[in-house]
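Hi everyone, thanks for making time for this. I'd like to walk you through one structure, so let me put it up on the screen.

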Amino acid sequence: MKYCKKCGVLYTTDVCPKCGVIAPEPSDEPAKADPKTVRKQWLILLIAIPAAILLIMGVVYLFKTIH
């Protein structure tokens, strides 16, 4: 089933029965990402994953010292 973003109707035909909007064809080719954005996202991951691990280890350490 397709969902019309304009009027919010679910339909199975090629055209929305309520507003008559034709659904766009999905493209097979993925969109190219901006290299600066990709580099920024990788740097965030490289910082965030170790930080999350350290945060979890810190919480576990606090629970061990309290108990």
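Let's start with Cys 16. At 2% relative accessibility, Cys 16 counts as buried, because the cut-off for buried is under 20%. Before I go further, please keep in mind that this is a predicted model.

Buried residues make up 4% of the 67 residues in the chain. Cys 4 belongs with the buried ones too, because its relative accessibility is 4%.

Now, you're bench people, so you'll want to hear about disulfides. A disulfide is a covalent bond between the sulfur atoms of two cysteines. How many disulfides does the rule give here, if the two sulfurs have to be within 2.5 Å? The count comes to 0. Take Cys 4: it is in no disulfide, and the nearest cysteine sulfur, that of Cys 19, is 3.5 Å away. And why is Cys 16 not bonded to Cys 7? The closest cysteine sulfur to that of Cys 16 is the one in Cys 7, and at 3.5 Å it is too far for a bond, because the limit is 2.5 Å.

Let's step back to the whole chain. The secondary structure comes to 1 helix and 2 strands, and from the N terminus the order is β-β-α. Is the chain a compact globule or more spread out? It is more spread out, because its radius of gyration is 24 Å, well over the 11 Å that the globule rule gives for 67 residues. If you like to picture a box, the C-alpha atoms fill one of roughly 65 × 35 × 15 Å along the principal axes.

How confident is the predictor? The mean pLDDT of the chain is 87, and 91% of the residues reach 70 or more. Confidence is lowest in β1, with a mean of 82, and highest in α1, at 96.

Over in strand β1, which covers residues 2-3, we find Lys 2. Lys 2 has a relative accessible area of 33%, so it is partly exposed. Its C-alpha atom is separated by 9.5 Å from that of Val 15, a residue 13 positions apart from it along the chain.

That brings me to the helix, α1, which runs over residues 35-66. Lys 36 lies in α1, and it counts as exposed because its relative accessibility is 67%. For a feel of distance, the C-alpha atoms of Lys 36 and Lys 64 are separated by 42 Å, with the two residues 28 apart along the chain.

Trp 42 is in α1 as well. Is Trp 42 buried or exposed? It counts as exposed, because its relative accessibility is 55%. Trp 42 also has company: together with Val 38, Leu 45, Ile 49, Ile 53, Leu 54 and Met 57, it forms a nonpolar patch on the surface. The accessible area of that patch adds up to about 720 Å².

That's my tour, and I'm happy to take questions.

Methods: Residues numbered from 1 in each chain as written. Predicted model: local features only at pLDDT ≥ 70, side-chain atom pairs only at ≥ 80, totals over all residues. Heavy atoms only, no water. Patch = residues over 30% accessible without salt bridge, like charges linked within 9 Å, V, L, I, M, F, W, Y side chains within 5 Å. Areas by Shrake-Rupley, 256 points an atom, 1.4 Å probe, with all protein chains shown as cover. Salt bridge = Lys/Arg side-chain N within 4 Å of Asp/Glu carboxyl O. Helix = DSSP H or I, 4+ residues; strand = E, 2+ residues; numbered from the N terminus. Buried < 20%, exposed > 50% of the residue type's maximum accessible area, 1.4 Å probe, protein only. pLDDT = per-residue confidence, 0-100. Rg over C-alpha atoms; globule rule 2.2 N^0.38 Å.
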